[in-house]
Amino acid sequence: VDTTVTDMASGDLSVALVIDTASGLTSQELAAVQSGAAEFLLRLPDGAHTTVVAAAGQPEVVAPLSEHRAEALSAVSALRVGGSPATMAATMVAAQSLESAPAGPRAIIVYTQGVDEPGELADRVRLSQSVLHSEAVLNVIQTGTDTLWPSVVDQAGGVVVTTNAGDIVQSFADLAATLD
């Protein structure tokens, strides 16, 4: 198999942001997530495509895949706390959204409090397969200790960053630097 190397941080990059806004999130944590996600979006190269998915209750695409970063920034700033955790389902929605992205590198960035809806092993496998099918690298920032994400990343590729609420903004900045 021939190996190809592609820079992640290029104008061809497509990124899906999945943000857990479930009711366990405090207003201070939401503000930190919004600030970190906005900084992350602003550090993306020109031409990068972005989409934003809210992960609470029924997952909702709040900014469709577009190269117009302002739409994603507006969607992130409009997020509100509420609903039950649905990060797994929202990540599958994000992966499906990236399937229609232009050719190039793809990444799914997930912020989660770490405690998700109960899922069976088959749900984890479906999630991993969905991420693999989208050809995206999965990067998760979690403030909890859910074992779901390390197992999915082990199968799909990527990284899990476990942080505290005070370091959410820095964790987003670190992920942006890593993609660079």
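Visitor: What makes the meeting of the Arg-126 and Asp-123 side chains a salt bridge?

Guide: This is a predicted model, and the distance comes from its coordinates. The N to O separation between Arg-126 and Asp-123 is 2.3 Å. The term requires a side-chain nitrogen of Lys or Arg within 4 Å of a carboxyl oxygen of Asp or Glu. The value of 2.3 Å for this pair meets that limit, so the pair is called a salt bridge.

Visitor: Why are Arg-126 and Asp-123 separated by about one helical turn?

Guide: Both belong to helix 4, residues 121–134, and they are 3 residues apart there, which is why the separation is about one helical turn.

Visitor: Why is Arg-126 counted as partly exposed?

Guide: Its relative accessibility is 46%. Buried needs a value under 20% and exposed a value over 50%, with partly exposed in between. Arg-126, at 46%, therefore falls in the middle class.

Visitor: How many salt bridges does this rule give?

Guide: The count is 3. One of them joins Arg-43 and Glu-39, with an N to O distance of 3.8 Å. Set against the limit of 4 Å, that pair qualifies, so it is listed.

Visitor: Which accessibility class do Arg-43 and Glu-39 fall into?

Guide: Arg-43 has a relative accessible area of 40% and is therefore partly exposed. Glu-39, at 29%, is partly exposed too.

Visitor: What makes Arg-69 and Asp-46 a salt bridge?

Guide: Their side chains meet at 3.4 Å, N to O, and the cut-off is 4 Å, so the term applies. Arg-69 lies in helix 2, while Asp-46 lies in the loop between helix 1 (27–42) and strand 2 (49–55); the two are 23 residues apart, and the pair links distant parts of the chain.

Visitor: What makes the same two side chains a polar contact?

Guide: The distance is 3.4 Å, and a polar contact needs N or O atoms within 3.5 Å. Arg-69 and Asp-46 therefore satisfy this distance limit as well.

Visitor: How do you know whether Arg-69 is buried or exposed, and what of Asp-46?

Guide: Arg-69 has a relative accessible area of 19%, so it is buried, the limit being under 20%. Asp-46 stands at 68% and is exposed, since the class begins over 50%.

Visitor: What else does the side chain of Arg-69 reach, and which residues does Arg-69 touch?

Guide: The side chain reaches the backbone oxygen of Leu-41 at 3.0 Å. Leaving out residues up to four places away in sequence, Arg-69 touches Leu-41, Leu-42, Arg-43, Leu-44, Pro-45, Asp-46 and Thr-50. Arg-69 itself sits in helix 2, residues 69–77.

Visitor: Turning to the sheet, what is its strand order, and what makes a strand an edge strand?

Guide: The sheet is open, has 6 strands in the order 3-2-1-4-5-6, and its pairing is mixed. Strand 3 (60–66) and strand 6 (158–162) are the edge strands, each pairing on one side only. From one strand to the next, the twist averages 10 degrees.

Visitor: How do you know that strand 5 pairs with strand 6 and with strand 4?

Guide: Pairing needs at least two bridges. Strand 5 (residues 137–142) has 5 with strand 6, in the parallel sense. Strand 4 and strand 5 share 6 bridges and run parallel. Both counts reach the minimum, so both pairings stand. Bridge partners include Ile-108 opposite Leu-138 in strand 5, and Leu-138 opposite Gly-158 in strand 6.

Visitor: And how do you know that strand 1 and strand 4 pair?

Guide: They have 6 bridges in the parallel sense, and at least two are needed, so they pair. Ile-19 stands opposite Tyr-111 in strand 4.

Visitor: Why is strand 5 described as largely enclosed, and what makes strand 4 mostly covered?

Guide: In strand 5, 5 of the 6 residues are buried, so the rest of the structure largely encloses it. In strand 4, 7 of its 7 residues are buried. Arg-106, Ile-108, Val-110 and Thr-112 point one way, and Ala-107, Ile-109 and Tyr-111 the other way.

Visitor: Which helix lies across strand 4, and which helix joins strand 5 and strand 6 in a β-α-β unit?

Guide: Helix 1 lies across strand 1 (14–20), strand 2 and strand 4 (106–112), and runs at about 180 degrees to strand 1. Helix 5, residues 148–156, makes a right-handed β-α-β unit with strand 5 and strand 6.

Key: Residues numbered from 1 in each chain as written. Predicted model: local features only at pLDDT ≥ 70, side-chain atom pairs only at ≥ 80, totals over all residues. Heavy atoms only, no water. Helix = DSSP H or I, 4+ residues; strand = E, 2+ residues; numbered from the N terminus. Buried < 20%, exposed > 50% of the residue type's maximum accessible area, 1.4 Å probe, protein only. Polar contact = N/O pair within 3.5 Å; in protein donor to acceptor, adjacent residues only side chain to side chain. Contact = heavy atoms within 4.5 Å. Axes fitted to C-alpha atoms, helices over the stretch in contact; angles between N-to-C directions. Right-handed = clockwise from strand over helix to strand, strands pointing away.
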